[in-house]
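Me: Could you take a close look at one part of this structure for me? I would like to see the surroundings of a single side chain, and then what lies elsewhere in the fold.

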Amino acid sequence: MAGASPPLCLVVLVVCLLGFSGAADMNGELEITWGGDRAKFLDGGNELTLSLDKGSGSGFWSRNQYLFAKIDMQIKLVPGNSAGTVTAYYLRSEESKWDEIDFEFLGNLSGEPYIVHTNIFVQGKGDREQQFYLWFDPTADFHTYSFLWNLKNIILYVDGTPIREFKNMESKGIPFPKNQALRLQSSLWNGDSWATWGGRVRIDWSQAPFTAAYTNFNDDQACIWSSSASSSCAASSKDDSWLSQQLDSAAHQKLEWVHKNYMIYNYCTDFKRFPQGLAPECVTQG
């Protein structure tokens, strides 16, 4: 957004709670929401696993909701033949016309790369997909996947490397999520009708259960939404630089490297899908 940022408590009051806690028991921060014992806390709450079998998938969400946040989570994706599985990791509001910021990891046949499917919804409208391959095996070890969401932009990171930037261009009439509190959610589910090669490769249930693992959840730099809070996010921040953080020239070079070498789909170049014209933000950002 050009010019000075408006106050952070325009619509709801928020309080920003900061202070690094490091790897810790995630039981107090994350709540298993479905899937029964397919979702489990391990190692005293330092690790959480989600599993998918023919009966059901599983999922969790954060106990907190956020109005602007910088959130990190380390994830180890489903190994082996993961075709048809979807590991979703996203921020979403609870409104009927919702806001949402997505990572979705689309499984594939053994030896074939995962696809990272990203999307941004504002007031229930998405159609802003970008897809990427990763430059490493995301099933061999944990890797960090991060959201940066402030009034200036949304940036998605993989191991600290930006893969996507969505700028606030409200001054040009382009909607931007800023009024609805979002909750972090993740799920592992059956997406074989579309996830792998457009649904041509289905889940091999003989490989079940499929399991993804999570650790090192960090929402320490986040504006935690409270309907009864009396102070703004900025008022209690120890380090609020992330609230105005944008990509510098070095980070833009990393973003361009990802787009040049690993981007496989961009809604901003899909004239066949959008014959009536590309989204207005595509004029100034890819």
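Reply: Let's start with the contacts of Gln180 in this predicted model. Leaving out residues up to four places away in sequence, Gln180 touches Tyr66, Leu67, Ser93, Glu95, Lys97, Trp98, Asp99 and Trp149. Gln180 itself sits in the loop between strand E13 (161-167) and strand E14 (183-190). Although it is a loop residue, Gln180 counts as buried because its relative accessible area is 13%, and the cut-off for buried is under 20%.

Two of these neighbours also make polar contacts with Gln180. Its side chain is joined to that of Ser93 by a polar contact of 2.5 Å. A polar atom of the Gln180 side chain also lies 2.8 Å from the backbone oxygen of Lys97.

From Tyr66 we can step into strand E6, which spans residues 66-76. E6 is mostly covered, with 8 of its 11 residues buried. It pairs in the antiparallel sense with strand E15 (residues 210-225) over 7 bridges, and 7 bridges also join E6 to strand E11 (residues 143-149), again running antiparallel. Asp72 is a handy marker here: it stands opposite Asn218 in E15 and opposite Ser146 in E11.

Another buried loop residue worth your time is Asn108, with a relative accessible area of 6%. It lies between strand E8 (100-106) and strand E9 (115-121). Setting aside neighbours within four places in sequence, Asn108 is in contact with Gly80, Asn81, Ser82, Ala83, Pro113, Thr196 and Trp197. An unreviewed UniProt entry lists Asn108 under "glycosylation site".

Strand E13, which comes before the loop of Gln180, leads us on to helix H1. The buried residues of H1 pack against E13, strand E10 (130-133) and strand E16 (263-266). H1 covers residues 249-262, 14 residues in total, and reaches 20 Å from its first C-alpha to its last, close to the 20 Å expected at 1.5 Å a residue. Ala251, Leu255 and Val258 are buried in this helix. Seen down the axis, the buried residues of H1 fall within an arc of 60 degrees, so they line one face of the helix. The face turned away from that buried side carries the exposed residues Ser249, Gln253, Glu256 and Lys260. At the start of H1, a side-chain oxygen of Asp248 comes to within 3.2 Å of the backbone nitrogen of Ala250.

Terms used:
Residues are numbered from 1 along each chain as its sequence is written. This is a predicted model: local features need pLDDT of at least 70, side-chain atom pairs count only at pLDDT 80 or more; totals for chains, interfaces and linings use all residues. Side-chain values use heavy atoms; hydrogens and water are left out. UniProt positions are given in the numbering used here, feature names are shortened, and annotations may be inferred rather than shown by experiment. Helices (H or I, at least four residues) and strands (E, at least two) are DSSP runs, numbered from the N terminus. Buried means under 20% relative accessible area, exposed over 50%, partly exposed in between (1.4 Å probe, protein chains only). Contact means heavy atoms within 4.5 Å. A polar contact is a pair of N or O atoms within 3.5 Å; within protein, one must be able to donate a hydrogen and the other to accept it, and residues adjacent in sequence count only if both atoms are side-chain atoms. The expected span of a helix is 1.5 Å times one less than its number of residues. The arc is that of the directions from the helix axis to the C-beta atoms. Two strands pair if DSSP finds at least two bridges between them.
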